[in-house]
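Hi everyone, thanks for coming. I'd like to walk you through a structure that's new to most of you, so let's put it on the screen.

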Amino acid sequence: MEFISLGRDNDIGASCHYLRVGNVGITLDAGADPNEEGPRSLPDFTPILNRRVDHVMITHAHHDHIGGLPAVNANWPMARLHLTHASKTLTTLMLYASARLQRRKFYEGSSPYRPLFEDEDLDDIFDMYHSHDFNQRINLGSGGTHAEFIYSGHLLGAAGVLLTTDDNRKVFYTSDTRSEDQTIIPGGQYPSSPVDVLIMESTLGADPVAEQVTRSEEEIRFAERLKAVLDRGGSVLIPVFMLGRAQEILALLGRFKAKKLIDPETPIYSAGGLREVSKIYDDYRESSPRIDPDFRVYSVEQRRFPRTHKARARALNQPGIHVLASGMMIENTLSHLIAMELLEHEQHAIFFVGFAKDDLPAGRLIHAAQSGAEGIILDSRRGMQTINCEVDRFRFSGHAHRRELLEIASGLAPSTIILVHGQTEAKRWLKEALYKECPNAQILTPSQGELVKV
Ligand SMILES: [Zn+2]
Ligand SMILES: [Zn+2]
C-alpha cells in the first residue's frame, strides 16, 4: 500500500490523502485550506498527477475536507465520489456557498483570485456523488478491496473510513472525530476489531487543557458566565463555525433556557448560512445518529441578526446572545465585525466555543486576553482597541482531545500509525505519547508529498 499526504504537513490546512491499494487509487477527502485563497488553498496534487484516482472518499462537509473537490474532479473526471447521505446534502450547500463567497470577494476586489470553481462545475459534480448509509459495504475494485463509512461523531453525516484491501488488511482513517457525546450528536464509533494501519487526526494534540475539563462542568461554567453577562445588561457574542458548532451551541442554549439557567426570554440571534445548515440538521434528525431524535435546532427560538446598522446597535444594546460565524473570527465575517463593536465595553462578552488557531483573530484575542494585554488590533483600519469586555473560552470541541485520541489508537492496536491533520507541535506530542501507548506500532508523520510504503 502507498500513502501520500497532499495537504500541508505543518498545519490543519487542506485535508487530502492519496492511497494506492493494489491497483486502486483512492483519495481520502479533497479539502481546501480555509485560511488561504485561490490556488494556494488547494492540496498539491503534483506527486499524483500521473496516477489514477478511481475513488474519492469524502468524510464530512467541512471546507478543509471538501473545498478541493472540484479540483479533484477536474483532474480525474472519472473518479467516483463517495459520501454519506447527510454529507451529500451538506457538501452541496457548502460548496455553492463557497463559490458565492469566492465570486463576491473577487468582484468586490477583496481577493485577487478568480473563483476556483463556478456553479456549473458544481452542477457537473453533483451527478458524480454516490451517497451511502453508515456501515454499508462500498466495493472499490474488482479484486475485493472495499470500504465502509463508520459514524465518527464530529458533526452531522461525519464518518471515518474503514478500508479492507484485497489481501484482507484493514486501514482505518479517523478523519475528524469525537468519541464523547456532544449536545445533538452522540459520540463516534470505531472498528470493532484491530486494524493494520491507522491514519489519525491530530487537531488537539497540543492542547493540554481540553482533556482536563469535563463536559458537564464546562456546561455549568458556560451557563453561569452567560447569566452573569446578561444580568448586567450585556450582550454575548459566540463566534461559531456555521456547520456543526453553531447547531450544537444553539441546542445547548435551548437546554439552558429550558432549565432556566438563563432567562428563557433572552433573545438569541443567528445569521446567514448557519440557519440553512440548522434546517438540514433538522431534516436528518430521524435518519442520522442523535442523542434526542425529537430535538429540532429550530425549536430553539432564534431571531435573524439584523442587517442595518441602526437595528444592530439596538440589538447589541440590550441583553442578548449572538451566535455568529465565523468561528475563528476571520476578517470581514460577522463575528469579526461584531467583536470590534463589543470589545471596548465592559458589560459585554465574547465567548469562544471551538478550535481557534493562534494566528487568526479568535486565537489572537484569546491569547491577548489571557496574557493581560490591554489592547488588540483586529482590523488595521480601526487600529488598537482596548479589551474591556469579558473574553473566555469554553471547551465544546467536535474534536477528540489528545487522551481520547490515544485511547482510540490503543483500542485499534495498529502496527502502523500515520498522524495527519494537525500542527507540528500537536503531532510531536502525540507521537511521543503513542510510543508509550502503542509500543509495537511504527508511528509516522510524513511530510507533504512524501511517499510512504506500508
Ligand atoms: Zn471537521
Ligand atoms: Zn478537519
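I'll go from the overall layout to the domains, then the core, one helix, and a few odd backbone spots.

Keep in mind that this is a predicted model. The protein chain has 12 helices and 22 strands. If you draw a box along the principal axes, the C-alpha atoms fill roughly 65 × 50 × 45 Å. Is that what a compact globule would give? Well, what radius of gyration goes with 454 residues? A compact globule would come out near 22 Å, and the protein chain has 22 Å, so the two agree. Buried residues make up 46% of the 454. And if you take contacts between residues at least 6 apart in sequence, 73% of them join residues at least 24 apart.

Now the domains. The chain is divided into domain 1, which is 2-207 + 399-453, and domain 2, which is 214-393. Their C-alpha centres lie 28 Å apart. Where they meet, the contact takes 21 residues from domain 1 and 21 residues from domain 2. Which element gives the largest share on the domain 1 side? That's α3, with 6 residues. By type, that side of domain 1 divides into 11 nonpolar, 8 polar and 2 charged residues.

On to the core. The largest nonpolar core has 126 residues, and the ones with the most contacts inside it are V240, A246, V323 and A409. Helix α6, residues 245-258, gives the most to this core, with 7 residues. And where does the core sit relative to the domains? Both domain 1 and domain 2 give residues to this core, so it lies between them. Let's zoom in on V240. Leaving out residues up to four places away in sequence, V240 touches R245, A246, I249, L274, V323, L324, A325, G327, V353 and G354.

Back to α3, since we met it at the domain contact. This helix runs over residues 85-108, which is 24 residues. At 1.5 Å a residue it should span 34 Å, and its end C-alpha atoms are 35 Å apart, which agrees. Its buried residues are A86, S87, K88, T89, L90, T91, M94, L95, S98 and Q102. You might remember that an α-helix has 3.6 residues a turn, so residues three or four places apart point the same way. The buried residues of α3 pack against α1, α2, β5, α4, β6 and α7. Just after the helix, G109 takes a positive phi of about 90°.

Last stop, the odd backbone spots. As background, most residues other than glycine have a negative phi, and most peptide bonds are trans. D29 has a positive phi of about 65° although it is not a glycine. You'll find D29 in the loop between β3 and β4. Is D29 buried or exposed? It has 31 C-beta neighbours inside 10 Å, so D29 counts as buried. S175 is another non-glycine with a positive phi, about 50°. S175 is in the loop between β10 and β11, and with 29 C-beta neighbours inside 10 Å it counts as buried. Finally, the peptide bond from A325 to S326 is cis, with omega near 10°. S326 is in the loop between β15 and α9, and A325 is one of the residues that V240 touches.

That's the tour, so over to you.

How values were computed. Residues are numbered from 1 along each chain as its sequence is written. Chains are lettered from A and ligands numbered from 1 in the order in which they are written. This is a predicted model: local features need pLDDT of at least 70, side-chain atom pairs count only at pLDDT 80 or more; totals for chains, interfaces and linings use all residues. A nonpolar core is a set of buried Ala, Val, Leu, Ile, Met, Phe, Trp, Tyr and Cys residues joined through C-beta atoms within 7 Å. A residue is buried if 20 or more other C-beta atoms lie within 10 Å of its own, exposed if 12 or fewer, and partly exposed in between; C-beta atoms are placed from the backbone. Helices (H or I, at least four residues) and strands (E, at least two) are DSSP runs, numbered from the N terminus. Domain bounds come from an automatic or database domain assignment. Two residues are in contact if their C-beta atoms, placed from the backbone, lie within 7 Å. The expected span of a helix is 1.5 Å times one less than its number of residues. The radius of gyration is taken over C-alpha atoms; the globule rule is 2.2 Å times the number of residues to the power 0.38. Ala, Val, Leu, Ile, Met, Phe, Trp, Tyr, Cys and Pro count as nonpolar, Asp, Glu, Lys and Arg as charged, and the others, Gly among them, as polar.
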